[in-house]
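Here are a few exercises to work through with the model open beside you. Try each task before reading its solution.

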Amino acid sequence: MRAALIQLCSGDDPAANLPVTLEFVAEAAEAGAELILTPEVTNCVSTSRKRQAAVLQREDDDITLAGLQEAAKAHGVWISVGSLAVKTDDPDGRFANRSYLIAPSGEVTARYDKIHMFDVDVSETESYRESAGYRPGTRAVVADTDTARIGLTICYDLRFPHLYRALAQAGAQIITVPSAFSTGTGPAHWEVLLRSRAIETGCFVLAAAQTGQNTDKRATYGHALAVAPWGEVLADAGTEPCVTLVDLDLATVEKSRKRIPSLSHDRSFERP
């Protein structure tokens, strides 16, 4: 199957971001992509909770989701919406960081709320408290397309290998890792973590990414990557907004797992 990773430099205005995203989707579909993937927070990258409260919408009203559903139907493709920041009914007003899988019919067939919150101090000048604005999800999700079984994750989930193992053991052949990765951690950790998750699970790992100076207070690393089950980097998008195409031979998943069947070698042990 042919997949397309869309790399964006989304700002904090969903209405301005949407036409750019749809143009890339059309480009990917024209190039023969069957599965098109967008990055984390496709609709809005912002560090301001006040700004987010003003521009974000609930799922039923979200213009980005509606636009991508229409695009999936118009082009006859699957779209993995890396994530959208959406309002919820959470009592404390927190948002959801939610991934969607859209079928060629335009129907949303799967939803996944990011489980692991990016609450970190990367350096003395770079810190994040994602849980202050977003509520964490509680459920891992695997979904089927016409040709592949896909496990859904988002960005910081990448650092929790047990989640990826669970998705692979549930039959995932592809795992998505849409991201808005920090420029502080990206050079050191991005590629090695993605390659590790692919090798450990025997899955294709597809990671669409945000890139560049998204707002005056937020920059992202870019380098959307496609990684094969044996750990080879099949495609690297670099640092410019773009569409990156990659052809996947899903038979490679089974071949890799037969060579090293570690997914079936779990043993119980006492924790230290």
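**Exercise 1. Find which residues lie nearest the centre of the largest pocket, and describe its lining.**

Solution. Keep in mind that this is a predicted model.
- Step 1: start at the middle, where S46, Y128, E130, Y134 and R218 lie nearest the centre of the pocket. They belong to a lining of 18 residues.
- Step 2: ask which elements contribute. Those giving two or more residues to this lining are α2 (49-55) and β7 (127-129).
- Step 3: sort the lining by character, which gives 8 nonpolar, 4 polar and 6 charged residues.
- Step 4: add the volume; the largest pocket holds about 330 Å³ of space.

**Exercise 2. Work out how many cavities of 30 Å³ or more the whole structure has, and what lines the largest cavity.**

Solution.
- Step 1: searching the whole structure turns up 1 cavity of 30 Å³ or more.
- Step 2: the space in the largest cavity comes to about 60 Å³.
- Step 3: pick out its lining, made up of F118, C155, Y156, R159, A180, F181, S182 and T185.
- Step 4: classify these residues, and you get 5 nonpolar, 2 polar and 1 charged.

**Exercise 3. Explain why the buried residues of helix α6 line one face.**

Solution.
- Step 1: locate α6 at residues 186-201, a run of 16 residues. From first C-alpha to last, α6 reaches 22 Å, close to the 22 Å expected at 1.5 Å a residue.
- Step 2: mark the buried positions in α6, namely G186, W190, L193, L194, R197, A198 and T201.
- Step 3: look down the helix axis. The buried residues of α6 fall within an arc of 130°, so they line one face of the helix.
- Step 4: turn to the face pointing away from the buried side, where P187 and A188 are exposed.

**Exercise 4. Describe how β12 pairs with β13, and how β14 pairs with β15.**

Solution.
- Step 1: take β12 (residues 211-215) and β13 (residues 218-221), which run antiparallel and are joined by 4 bridges. To see the register, find G212 opposite T220 of β13.
- Step 2: follow the chain between these two strands; a hairpin links β12 to β13 through 2 residues.
- Step 3: move on to β14 (residues 225-227) and β15 (residues 233-236), an antiparallel pair with 3 bridges. Here L225 has D236 in β15 as its bridge partner.
- Step 4: check the turn. The β14–β15 hairpin has 5 residues between its strands, and G231 in that turn has a positive phi of about 105°.

Terms used. Residues numbered from 1 in each chain as written. Predicted model: local features only at pLDDT ≥ 70, side-chain atom pairs only at ≥ 80, totals over all residues. Heavy atoms only, no water. Pairing = 2+ DSSP bridges. 1 Å grid on protein atoms, 1.4 Å probe; cavity = no way out; pocket = protein on both sides within 12 Å on 5 of 7 lines; lining within 4 Å. Points joined across faces, edges and corners; volume = space filled by probe spheres on them. Nonpolar A, V, L, I, M, F, W, Y, C, P; charged D, E, K, R; others polar. Expected span 1.5 Å × (residues − 1). Buried < 20%, exposed > 50% of the residue type's maximum accessible area, 1.4 Å probe, protein only. Arc of directions from axis to C-beta.
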